[in-house]
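Hi everyone, thanks for coming. I'd like to walk you through one protein model today, so please have a look at the picture first.

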Amino acid sequence: MTTPLIIPIFLPNLGCRQRCIFCNQKAVAAEVLSPSHVRELIEASMNQFPLEKVRERQVAFYGGSFTAIPKEDQIAYLKELRPFLSSDAIDSIRVSTRPDALDEEILSLLKEYGVRTVEVGAQSMMDDVLFLSHRGHCQGDTLSAVSRLKRWEFEVGIHLMIGLPGDSLDHFLKTLDTVIDLKPDFLRIHPTLVLDGAPLEALWREGNYSPLTLEASIRWLKRGILKLEKASIPIARIGLQPTRDLEACYLAGPYHPSLHQLIDSEIFFDMAMHLLETHQNESEPLFICHPGEVSNVRGQKNSNLQRLRDRFGLKAILMQGEKNIPRRSLTLRTATGEISVQRKDLSWQDNG
């Protein structure tokens with residue numbers, strides 16, 4: 001999946017039919033950009049990225065349920081993009097929405113106005129989790145929506161959350177199995193956070209909700225990433241985008257600005273463990289990986305190397321980056337040769 005340059009247009013909570021348990025009040029109160037200001041915003045964004053420097057541009061309506069707003073309002077927003085599509089200044093449009101707001105009439109409208117990508121906020125495929133989270137839709141709505149989107153030949157993304165009320169690792173893995181069967185073009189996954197002003201805040205303060213720890217979140221997402229990579233489903237993002245607004249209203253939960261890197265580091269730790277367990281006679285092992293993976297193998301503040309030294313009683317661990325080594329793989333060079341492991345080889349991790 002090639003990633004286009006996204007020009008985001010945020011429409012906070014526009015089209016939302018009810019307030020989800022994780023939604024914070026500040027987002028509800030945020031000012032919504034009117035259609036008349038869309039063109040100005042896009043022109044300002046494009047001035048920062050001259051056409052010759054970008055292969056593909058896509059305008060994205062984020063922050064609400066675009067297809068749940070009145071039809072005339074959808075048209076008003078989409079009409080503002082027609083001149084940019086006609087002049088090839090942008091290539092396509094992306095919208096995010098809820099799964100129960102994607103009927104045939106809406107899909108016809110989206111096609112007519114140049115929408116290519118639809119991101120569906122499923123959050124979970126477990127009906128009890130959706131009910132407790134006040135989502136107002138069920139698993140069947142997502143199944144139907146994705147099926148229709150594929151018939152209309154849209155690019156389909158699915159949003160998932162972990163750690164919602166009633167969620168569990170087993171629920172999350174079952175959700176992924178269901179989503180994998182749908183064969184979406186990409187996924188976004190992020191942990192549930194307790195935000196100031198969200199209904200979830202009251203449950204948390206009353207002791208009726210406990211967010212996932214960062215360690216548990218990494219463990220869940222590591223299992224999920226390996227499962228999705230095995231199914232060849234791209235992951236567009238893990239964790240929320242760090243912003244000042246998010247950090248200002250964050251109260252509790254597994255927030256980390258580099259969550260995806262923490263998970264990648266844990267996966268490489270497992271790979272290094274596997275290699276060392278098969279060659280425990282190495283006192284100063286040399287690991288070789290792609291230069292872009294060196295920091296992931298080392299872990300934050302060299303934590304992986306320290307853990308491996310302590311676990312195996314090693315004097316030192318040597319690291320070397322080589323461009324000919326594929327990404328997502330790790331090689332151990334020994335006196336007798338080299339052995340390698342790839343992330344896709346970690347199939348045992350799906351059972352542990």
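I'll begin with the whole protein, go on to its cores, and finish with a few single residues.

Please keep in mind that this is a predicted model. Counting along the chain, we have 14 helices and 13 strands. If you put a box around the C-alpha atoms along the principal axes, the box is roughly 70 × 55 × 40 Å. Does the size agree with a compact globule, or disagree? It agrees, because a compact globule of 352 residues would have a radius of gyration near 20 Å, and the protein has 22 Å.

Now for the inside and the outside. Of the 352 residues, 49% count as buried. The accessible surface is about 16700 Å², and carbon and sulfur atoms own 49% of that surface. On the charge side, there are 41 positive and 45 negative charges, and their mean positions lie 3 Å apart. As for contacts, take those with a separation of 6 or more: 78% of them join residues 24 or more positions apart.

Let's move on to the cores. Which residues touch the most other members of the largest nonpolar core? They are Phe-61, Leu-110, Phe-287 and Leu-330, out of 80 residues in that core. Helix 12, residues 259-278, gives the most to this core, with eleven residues. There is also a second, separate core of eleven residues, and Cys-20, Ile-21, Tyr-209 and Ala-252 are among them.

Phe-287 is worth a click if you have the model open. Setting aside neighbours within four places in sequence, its contacts include Ala-272, Leu-275 and Leu-276. Further along the chain, Phe-287 is also in contact with Leu-308, Ile-317, Leu-318 and Met-319, and with Leu-330, Thr-331 and Leu-332, among others.

Next, helix 10, which covers residues 214-230. I picked two residues here. Leu-214 lies in this helix, and it counts as partly exposed because its relative accessibility is 24%. Ser-217 lies in helix 10 too. Is Ser-217 buried or exposed? It counts as buried, because its relative accessibility is 0%.

What do these two touch, beyond residues up to four places away in sequence? For Leu-214, the list is Pro-254, His-256, Leu-259 and Leu-262. The C-alpha atoms of Leu-214 and Leu-259 are 8.9 Å apart, with their positions 45 residues apart along the chain. For Ser-217, the partners are Ile-162, Pro-191, Leu-212 and Pro-254. So Pro-254 turns up for Leu-214 and for Ser-217. Ser-217 and Leu-182, on the other hand, are 35 residues apart along the chain, and their C-alpha atoms are separated by 24 Å.

Now two loops towards the start of the chain. Gly-64 sits in the loop between strand 2, residues 57-62, and helix 3, residues 71-79. At 17% relative accessibility, Gly-64 counts as buried, because the cut-off for buried is under 20%. Apart from residues up to four places away, Gly-64 touches Leu-11, Asn-13, Leu-14, Cys-16, Ser-96 and Thr-97. From Gly-64 to Arg-98 is 34 residues in sequence and 8.6 Å in space, C-alpha to C-alpha.

Val-32 is in the loop between helix 1, residues 25-29, and helix 2, residues 38-48. Its relative accessibility is 29%, so Val-32 counts as partly exposed. Outside its neighbours within four places, Val-32 is in contact with Leu-11, Pro-12, Leu-14 and Tyr-77. Leu-11 and Leu-14 therefore appear for Gly-64 and for Val-32. Val-32 and Arg-82 are 50 residues apart in sequence, with 21 Å between their C-alpha atoms.

Last, a point about the backbone. Most residues other than glycine have a negative phi. Which sign does phi have at Ser-232? It is positive, at about 60°, although Ser-232 is not a glycine. Ser-232 is found in the loop between helix 10 and strand 8, residues 235-238, and it counts as exposed because its relative accessibility is 63%.

Arg-328 also has a positive phi, about 65°, and is not a glycine. You'll find Arg-328 in the loop between strand 11, residues 318-321, and strand 12, residues 329-334. With a relative accessible area of 45%, Arg-328 is partly exposed.

That's my tour, thank you for listening!

How values were computed. Residues numbered from 1 in each chain as written. Predicted model: local features only at pLDDT ≥ 70, side-chain atom pairs only at ≥ 80, totals over all residues. Heavy atoms only, no water. Helix = DSSP H or I, 4+ residues; strand = E, 2+ residues; numbered from the N terminus. Rg over C-alpha atoms; globule rule 2.2 N^0.38 Å. Buried < 20%, exposed > 50% of the residue type's maximum accessible area, 1.4 Å probe, protein only. Contact = heavy atoms within 4.5 Å. Areas by Shrake-Rupley, 256 points an atom, 1.4 Å probe, with all protein chains shown as cover. Lys, Arg positive; Asp, Glu negative; His and termini not counted. Charge placed at Lys NZ, Arg CZ, Asp CG, Glu CD. Core = buried A, V, L, I, M, F, W, Y, C linked by side-chain atoms within 4.5 Å.
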